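Reader: I should like to examine the strand pairing, the nonpolar core and the surface of this protein. May we proceed by question and answer?

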Amino acid sequence: MFKGLRTVIYPVGDLSRARAWYTDLLGQEPYFDEPFYVGYAVGGFELGLDPNGTAAASAGGPVAYWGVPDIEAAFRRLREQGADVLAPVQDVGDGIRTATVADPFGNAIGIIENPHFAVENVQ
């Protein structure tokens with residue numbers, strides 16, 4: 001039934017500003033760039049920007065966690081880009097570390113360093 005997560009879409013009020021912020025953060029241009037949606041290919045998955053939604057990182061709810069090889073470096077980079085800390089880097093057990101920030105548009109972005117999880121042959 002489920003094949004796994006494929007896309008995370010962040011609602012943004014200012015698509016031009018969000019496109020610039022994520023392009024700089026990711027170090028790449030989007031593969032899909034239209035006035036109604038901007039999409040980036042990130043490690044076999046999609047990060048999308050939707051100008052027609054409302055973010056509510058402070059309201060709680062689900063958080064998508066993006067895998068990173070070095071959580072300290074990723075967390076530092078997000079902070080340098082102006083993301084606000086929702087939860088600092090923490091060890092959640094068995095060598096797994098997580099952190100959560102809010103982008104300038106109010107979306108919660110989770111990052112996770114998990115030495116036990118590897119995605120191979122993502123389809």
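Author: Two strands are taken to pair if DSSP finds at least two bridges between them. The model under discussion is predicted.

Reader: How many bridges join β3 to β4?

Author: The pairing criterion is at least two bridges. β3 (37-42) and β4 (45-50) run antiparallel and form a hairpin with two residues between them. Within this pair, Val 42 stands opposite Phe 45. The number of bridges that join β3 to β4 is five.

Reader: Which residue in β3 does Phe 32 stand opposite?

Author: β2 and β3 pair in the antiparallel sense over three bridges. These two strands also form a hairpin, with two residues between them. The residue in β3 that stands opposite Phe 32 is Gly 39.

Reader: Is Tyr 31 buried or exposed?

Author: Tyr 31 lies in the loop between α1 (15-26) and β2 (32-34). Together with Phe 32 and Phe 36, Tyr 31 makes a nonpolar surface patch of about 330 Å². The relative accessible area of Tyr 31 is 51%, and the cut-off is over 50%, so Tyr 31 is classed as exposed.

Reader: Which element gives the most to the largest nonpolar core?

Author: The largest nonpolar core has 24 residues, and Tyr 10 and Trp 21 are among the five that touch the most other members. The elements that give two or more residues to this core include β1, α1, β3 and β4. With five residues, the element that gives the most is α1.

Key. Residues are numbered from 1 along each chain as its sequence is written. This is a predicted model: local features need pLDDT of at least 70, side-chain atom pairs count only at pLDDT 80 or more; totals for chains, interfaces and linings use all residues. Side-chain values use heavy atoms; hydrogens and water are left out. Patches are made of residues with over 30% relative accessible area and no salt bridge: like charges are joined within 9 Å, nonpolar side chains (Val, Leu, Ile, Met, Phe, Trp, Tyr) within 5 Å. Accessible areas come from the Shrake-Rupley method with a 1.4 Å probe; for residues, only the protein chains shown count as cover. A salt bridge is a side-chain nitrogen of Lys or Arg within 4 Å of a carboxyl oxygen of Asp or Glu. Helices (H or I, at least four residues) and strands (E, at least two) are DSSP runs, numbered from the N terminus. Buried means under 20% relative accessible area, exposed over 50%, partly exposed in between (1.4 Å probe, protein chains only). A nonpolar core is a set of buried Ala, Val, Leu, Ile, Met, Phe, Trp, Tyr and Cys residues joined through side-chain atoms within 4.5 Å.
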